[in-house]
Amino acid sequence: MAKCSFCGYNIEEGTGIMIAQNSGKILYFDSKKCEKNMLKLNRKARKLKWTKFYEKHQDKKETTS
Ligand SMILES: [Zn+2]
């Protein structure tokens, strides 16, 4: 079973989006939301609470912008 390339959660069979990039890399997304966040918004999964990669201990890194 494929996992979402962005949020890291399992994609249910028969659902999801598969994108083949020019580089040959294949990305899987469980929803348009994940596709958009990664490809259009260039968001970091680590910084979004709803992903599996979210890091809870970021308190010390509040120096951005
Ligand atoms: Zn996802």
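I will walk you through the fold, the core and one tryptophan of this protein.

Please keep in mind that this is a predicted model, in which local features need pLDDT of at least 70 and side-chain atom pairs count only at pLDDT 80 or more, while totals for chains, interfaces and linings use all residues. Residues are numbered from 1 along each chain as its sequence is written.

The protein holds one helix and two strands, and along the sequence these follow the pattern β-β-α; helices (H or I, at least four residues) and strands (E, at least two) are DSSP runs, numbered from the N terminus. Strand S1, residues 17-20, pairs with strand S2, residues 26-29, in the antiparallel sense over four bridges, where pairing requires that DSSP finds at least two bridges between the strands. Ile-17 has Phe-29 in S2 as its bridge partner, and in the hairpin, with five residues between the strands, Gly-24 takes a positive phi near 100 degrees.

Phe-29 also belongs to the largest nonpolar core, whose six residues are Cys-4, Phe-6, Cys-7, Ile-11, Phe-29 and Cys-34; such a core is a set of buried Ala, Val, Leu, Ile, Met, Phe, Trp, Tyr and Cys residues joined through C-beta atoms within 7 Å. Buried means 20 or more other C-beta atoms within 10 Å of a residue's own, exposed means 12 or fewer, and partly exposed lies in between, with C-beta atoms placed from the backbone.

Finally, is Trp-50, in the segment after helix H1 (32-40), buried or exposed? Trp-50 counts as exposed because it has 11 C-beta neighbours inside 10 Å, and its C-alpha atom is separated by 7.3 Å from that of Cys-7, 43 residues apart along the chain.
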